[in-house]
Amino acid sequence: GSQHRLWPEIEKTVKQQVEMAKLGVGECGTGWQLFAEDGEMRMYRREEEVDGMVVDPLKAVHVVKGITGHEVCHYFFNPQYRYDWETTLEQMTVLETISEDSLLFLQTHKRIWPASQRDVVFWSHMRKLPDDQDQDGPDIWTVVNNSTEDSEHPANAGKCVRIYLTVCLMCQTRVDPPKDGAPISRDNVSCKITYCSVVNPGGWAPASVLRAVYKREYPKFLKRFTAYVKNQTKNKPLMF
Ligand SMILES: CCCc1ccc(-c2ccc(S(=O)(=O)CCO)cc2)cc1[C@H]1C[C@H]1c1ccccn1
C-alpha cells in the first residue's frame, strides 16, 4: 500500500519511466540505432558504458493484433506465468507482496558463458494510467521493474553477480469497432507495446559477449512473450 517504504520510489519511477517510454525513437540524433526488426517489431539500442561496463539502453516497439494492454501487463507482471515465457530465468522468488499490484522479486538468470551467473532483486508494479494523448481512448497499462536493495539478500554474497535494471513495459490498446455495430472482438483490438530496459551487468563481462547476448535474447524474448500472451488469451474474453 501507499505506506510501504518503497512507495515513494515506485510512484516517482513509474511516472518517469512512462514519460520516457512515450518519447519516440524517430527524433534523429537521439542516438537510437535500429538493431533488430521482425514484422511489426522494431528494436533500438544506444551504445553506452558505465565504468567500462556495457549498459546499452534498449527500446523496442511492437504492435500485436488480438490482445489488449491489460492482458499484456497481466501476463508480464504475474509470477505464475513467468517460467512459461522467460527462457533465461533459472530461479524466481517473490520476496514480498508490497500490495496487490506491487511485488518484490529475486531472480537468478542462466549463466552466459564466459560471464559469471547473475541475479537481480527488483520491485515490480503494474498500473493503469489515462492516455493523455487520447483522452477518450482506452487507458495505458504499464509494468515497471526496478532494482532495489533487500537486506535479506545482499548483493554479491553468493555465487551470483548482482545486476541492476530498470524495465518499463508500456501498452496502448487500439480498438477499431466493427462497422455493423457488432460487439468488439479480438479482431477489432491491437496493442502497441513499448518495452524499455537498461541492464547494468553489475560486474565485468566482455562487451562483445554482452552485446551479442542482448542482440540475440531481446528479440527472442519479446517475440516469445507476445506469442505467449496471444496463445493464452485467444479463447478468453477480452480484458480491458
Ligand atoms: C549479464 C546480464 C544477464 C541478464 C540478466 C537479467 C536480464 C533480464 C532480467 C529481467 C528482465 S524483465 O524484463 O524484468 C522480465 C522479468 O524477468 C529482462 C531481462 C537479462 C539478462 C541477459 C540474459 C539476457 C537477456 C536479455 C534479454 C532478455 C532476457 N535475457
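These legends describe close-up views of a predicted model with a bound ligand.

**View 1. The ligand in its cavity.** The ligand fills space that forms the largest cavity. On its own, the ligand would expose 610 Å². The protein buries 98% of that area.

**View 2. Residues that come nearest to the ligand.** The ligand has 19 residues around it. Of these, E86, Q107, N145, Y195 and Y218 come nearest.

**View 3. Polar side chains facing ligand oxygen atoms.** The side chain of E86 places an N or O atom 2.5 Å from an oxygen atom of the ligand. For Y195, a side-chain N or O atom is 2.8 Å from a ligand oxygen atom. Q107 has a polar side-chain atom 3.0 Å from an oxygen atom of the ligand. Once the ligand is in place, 98% of its 610 Å² is buried by the protein.

**View 4. Make-up of the shell around the ligand.** Twelve residues of the shell are nonpolar. Four are polar and three are charged. Strands β7 (102–109) and β11 (164–175) each supply at least two shell residues, as does helix α4 (207–233). Helix α4 gives the most, with six residues.

**View 5. Helix α2, mostly covered.** Helix α2 spans residues 69–77. Nine of its nine residues are buried. The buried residues begin with G69, H70, E71 and V72. C73, H74, Y75, F76 and F77 are buried too. In general, an α-helix has 3.6 residues a turn, so residues three or four places apart point the same way. In α2, buried residues are found at every position from G69 to F77.

Note on methods: Residues are numbered from 1 along each chain as its sequence is written. This is a predicted model: local features need pLDDT of at least 70, side-chain atom pairs count only at pLDDT 80 or more; totals for chains, interfaces and linings use all residues. Side-chain values use heavy atoms; hydrogens and water are left out. A residue is near a molecule or strand if one of its heavy atoms lies within 4 Å of it. A polar contact is a pair of N or O atoms within 3.5 Å; within protein, one must be able to donate a hydrogen and the other to accept it, and residues adjacent in sequence count only if both atoms are side-chain atoms. Accessible areas come from the Shrake-Rupley method with a 1.4 Å probe; for residues, only the protein chains shown count as cover. On a 1 Å grid over the protein atoms alone, a cavity is a set of points where a 1.4 Å probe fits but cannot get out, and a pocket is an open set with protein on both sides within 12 Å along at least five of seven lines; lining residues have an atom within 4 Å of a point. A molecule sits in a cavity or pocket if more than half of its atoms lie within 2 Å of its grid points. Helices (H or I, at least four residues) and strands (E, at least two) are DSSP runs, numbered from the N terminus. Ala, Val, Leu, Ile, Met, Phe, Trp, Tyr, Cys and Pro count as nonpolar, Asp, Glu, Lys and Arg as charged, and the others, Gly among them, as polar. Buried means under 20% relative accessible area, exposed over 50%, partly exposed in between (1.4 Å probe, protein chains only).
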